[in-house]
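Biologist: I'd like to go through this model with you. Keep the answers short, please.

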Amino acid sequence: MARRQVNPTRMELTSQKKKLATARRGHKLLKDKRDELMRQFLILAKENMSLREEMENRLTVCAKNFALARASMPSPVLDTGLLITGQEIGVNVGAKNIMGVTTPTLNVKMKSANSADIYPYGLCFTSGDLDIAVKSLSDTLPVMLKLAETEKTARLMSAEIEKTRRRVNALEYTVIPEITETIKYISMKLDENERSNQIRLMKVKDMMLEQARGYEAVNA
Amino acid sequence: MSRIAVMGDRESVYGFAAVGLDVIPVQENDEAGRLLRKLAESDYAIIYMTERVYHYLHNEIAKYEDALTPAIVPIPGVSGTSGLGVAMIKKSVERAIGSDILFGGKSNA
């Protein structure tokens, strides 16, 4: 593992040690965040899958019902029948925070509380098949709305998990080993300097002793 | 108060008008992309889209992936489902976890 380009000084050693402590702490926190996000995401993904399957099955049935309705009455009558809408839907968008991920909450408001308002046409010229088709679609709507919220949340969370996972891995496999290596390098270098200093002093002492002995020999 | 739109071929989406959604019939052409941008800029919280249009517009849709709204949700058209929606859930699980450990065993996609 490559070490960082630093001056091998005591001051640098202290600052690298501080960095290592921060990196370790960040790594632990991010790992916890990732695990918790993952847990919540898995629950959400399962729910998302079952909702989607339910919606797809229901919508396929709806499509069949509408095909039947279209077959049993003249096309223009059906088209004009659906032209005017009695029901209107509004959504209140809120935001929820899941482990630092902002996710939407969608609160649906029907404009008209009367459930019969989904039939905006006169019952006189339209066939009963159309009523069945519209009813089946209206029954599917809550599933579709729940799915929209769940799916969006799941997608936002998966992006966040990916980001967190990358950070955890970068810390674990690059940053922390790099700093450890740097600390090792600095302390070895410092030790080396220490030893070389020691030896130099010993040598100097020897030389001085030698000299002193020389003087003694001359003076004697 | 935000609204909900349904985009797709006329056959697949006309029924949604009755239950109060805004129906926007589109073909798979440049017009669809322009309409999507217009919808996303105005106050639409959810945009349902038939799988074929979704597939055609996936480059445009990617721009709204990280935004809070609109939530763009693929729905099956009259011709039934192509498995796009399920495949997308699997992809997001794969993106988050690294491999599809949840639905890997299911073969219905």
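Biologist: At what angle do H1(A) and H3(A) pack?
Modeller: About 165°, with their axes 3 Å apart. Axes are lines fitted to C-alpha atoms, for helices over the stretch in contact, and angles run from 0 to 180 degrees between N-to-C directions. H1(A) and H3(A) are therefore roughly antiparallel, a label for angles over 145 degrees.
Biologist: Before we go on, what kind of model is this?
Modeller: It is predicted: local features need pLDDT of at least 70, side-chain atom pairs count only at pLDDT 80 or more, and totals for chains, interfaces and linings use all residues. Residues are numbered from 1 along each chain as its sequence is written, and chains are lettered from A and ligands numbered from 1 in the order in which they are written.
Biologist: How do the residues of the contact of H1(A) with H3(A) divide?
Modeller: There are 35 nonpolar, 15 polar and 19 charged residues. Ala, Val, Leu, Ile, Met, Phe, Trp, Tyr, Cys and Pro count as nonpolar, Asp, Glu, Lys and Arg as charged, and the others, Gly among them, as polar.
Biologist: How many residues does H3(A) have?
Modeller: It has 92, residues 128–219. H3(A) reaches 134 Å from first C-alpha to last, close to the expected 136 Å, which is 1.5 Å times one less than the number of residues. Helices (H or I, at least four residues) and strands (E, at least two) are DSSP runs, numbered from the N terminus.
Biologist: Where does H3(A) bend?
Modeller: At Leu171(A), by about 40°. That is the angle between axes fitted to the seven residues ending there and the seven starting there.
Biologist: Now across the chains. At what angle do H1(A) and H5(B) cross?
Modeller: Roughly 175°, and their axes come within 10 Å. H1(A) here is residues 10–72, and H5(B) is residues 84–97. This pair is therefore roughly antiparallel too.
Biologist: Which residues make that contact?
Modeller: From H1(A), they include Met38(A), Phe41(A), Ala45(A) and Arg52(A). H5(B) gives Val86(B), Ile89(B) and Val93(B), among others. The split is nine nonpolar, two polar and two charged.
Biologist: And the whole contact between chain A and chain B: how many residues does it take from each?
Modeller: 36 from chain B and 47 from chain A. Being in contact needs C-beta atoms, placed from the backbone, within 7 Å.
Biologist: What gives the largest share of the chain B side?
Modeller: H5(B), with eight residues. That side has 24 nonpolar, eight polar and four charged residues.
Biologist: What are the domains of chain B?
Modeller: Domain 1 is 3–78 and domain 2 is 80–109, with bounds from an automatic or database domain assignment. Their C-alpha centres lie 22 Å apart. Five residues of domain 1 of chain B are in contact with five of domain 2.
Biologist: Backbone oddities next. Where is the cis peptide bond?
Modeller: It joins Thr69(B) and Pro70(B), with omega about 0°. Pro70(B) is in the loop between helix H4 (58–62) and E4 of chain B.
Biologist: What is the phi of Met99(A)?
Modeller: Positive, about 50°, although Met99(A) is not a glycine. Met99(A) is in the loop between strand E1 (89–98) and strand E2 (101–110) of chain A.

Technical notes. Parallel < 35°, antiparallel > 145°, perpendicular 65-115°, else oblique. Contact = placed C-beta atoms within 7 Å.
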